[in-house]
Amino acid sequence: MDKKKLKLILFSASGVLLVSSIVLLIFILTMGGDGEKSPPETTEVLSQSTSTPIFTPTPTPEPITYTEMTLLSTGDYMMHGPQMTAALKSDGTYDFSEYTKYINDVVSEADYAVLNVETTIVGDGNYSSYPSFNSPEEILDSITGAGFDMCLFANNHTYDKGHLGLINTQNFFMKHKLDWIGTRLDTESKSYKIIEANGIKLGLLNYTYETGDEGENVKFLNGTRLDTRSNALVDSFNLNRMDKFYNEVSSRMDEMKKDGADAIVIYLHWGDEYDKRSNSTQQQIAQKLCDLGVDALIGSHPHVVQEAVLLTSADGKHKMPCLYSTGNFISNQNRLTLVNDDPEGYSENSVLHKLTFRKYSTGETVIVNTDYIATWVHRRHMEGRWHYSIVPLVKALTDEESKAYYSLYDSSFGVSHATVALQRIDALLKDGTAAVNAAVVLPYDDSEVMAAVTK
């Protein structure tokens, strides 16, 4: 074989061997070192393996809960001469605790309790009665002892003892750890109050009517002109300038809401004394306050109970329960001492008025219930002095045992007058209270509320 043929054969064999080696290498690389096929190295497959699962569990919704608070309000705490004489002890101090012994449990059960203090407390020992009241400090012991939390102090007797009486009375409230509204100690303080119970905040306001009119910056209460120091310290309204009043209420409502108030309640000292029905002025004011969005209105001053109603705002979007007058919580006024103004004894009656507020965990706050406890002042002469008891009428008239327990047999007229008092109060309040409760619209059905947090 010549050299050319040999070189050709060797070159061909080398080529075949080279090609075979390349093919084998490719096979090994594609199959992997153990002879199995390797998966494609793609970023797409890797990204799919680390993505969110296709099935996502639905989060469990937070349960809707609510909390409730009760606001109890009552009428005029008055202090006439015979009351002071009856409460005077041998050591020169006073004890008024017998007034409330039958209602202390009811007042204390409320989350917050309010009454109208229609007297001043100067603290000088020169006590006086109508027409210019100055009472012993001990009346506040009976108020706190009964379980009350707040005194309303904007009324027509706020200025009976001038600037000194206005200031000293508020200092005595503070001393006895009582809240108060309607007046303030200085212009830097707020005369309204935000109260809180069970996680619910209420904004409370108190105004009284003015008498006389000598200009926008001049105030008169019971015919007495307030001096320049006192003028801005009493919350009041003048019937000749009601736009000013409404604008101030609206502004203060905004302030209270900014401070966290869930609902607004206003207390007004207004109306005609001894009239058993509200007058047209009261009705106009109440309607305007409803239009402004006030959530409840409670009145005083007539010294008798007046009707309860449900008002609807002009735009139809808001409803407001209104009790025009709560009557006399305690006084010496009755059918014998007021033979001309009140010969039938309506001034002996009052109510413990209760509003129940509910706040849901979603933020809505509504009045879910309105109720009242009718009361009557049983004044009778025993053991050489007058005795005064505030009687819860339904409990007292339940049976013979109850009549005895609540001292109705201490006088010849106790049972009969108490029975008539309850009938009169129910006639004024029962239908209106039922209408308020019937109009309650809850934001959630009971089945949607998973839990309730109560007192």
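The following dialogue considers backbone geometry and surface charge in a predicted model.

Student: How should backbone geometry be read, and what is the usual sign of phi in residues other than glycine?

Tutor: Most residues other than glycine have a negative phi, and most peptide bonds are trans. In this structure, phi of asparagine 222 is near 55 degrees, a positive value. Phi of tyrosine 274 is likewise positive, near 70 degrees.

Student: Where is asparagine 222 found, and where is tyrosine 274 found?

Tutor: Asparagine 222 lies in the loop between strand 7 (220-221) and strand 8 (224-225). Tyrosine 274 belongs to the loop between strand 10 and helix 8.

Student: Is tyrosine 274 buried or exposed?

Tutor: Buried means under 20% relative accessible area. Tyrosine 274 has 14% relative accessibility and therefore counts as buried. Asparagine 222, with a relative accessible area of 35%, is partly exposed.

Student: Which residues does a cis peptide bond join?

Tutor: Most peptide bonds are trans. Here, a cis peptide bond joins tyrosine 130 and proline 131, with omega at about 10 degrees. Proline 131 is placed in the loop between strand 2 (112-117) and helix 5 (139-146).

Student: Which residues form the negative surface patch?

Tutor: For a negative patch, the residues to consider are Asp and Glu, which count as negative. In this model, Asp272, Glu273, Asp275 and Asp341 form such a patch on the surface.

Student: Where is aspartate 275 found, and what is its relative accessible area?

Tutor: Aspartate 275 is in the loop between strand 10 (263-269) and helix 8 (280-292). Its relative accessible area is 36%, so aspartate 275 is partly exposed.

Key: Residues are numbered from 1 along each chain as its sequence is written. This is a predicted model: local features need pLDDT of at least 70, side-chain atom pairs count only at pLDDT 80 or more; totals for chains, interfaces and linings use all residues. Side-chain values use heavy atoms; hydrogens and water are left out. Patches are made of residues with over 30% relative accessible area and no salt bridge: like charges are joined within 9 Å, nonpolar side chains (Val, Leu, Ile, Met, Phe, Trp, Tyr) within 5 Å. Accessible areas come from the Shrake-Rupley method with a 1.4 Å probe; for residues, only the protein chains shown count as cover. A salt bridge is a side-chain nitrogen of Lys or Arg within 4 Å of a carboxyl oxygen of Asp or Glu. The place of a charge is taken as NZ of Lys, CZ of Arg, CG of Asp or CD of Glu. Helices (H or I, at least four residues) and strands (E, at least two) are DSSP runs, numbered from the N terminus. Buried means under 20% relative accessible area, exposed over 50%, partly exposed in between (1.4 Å probe, protein chains only).
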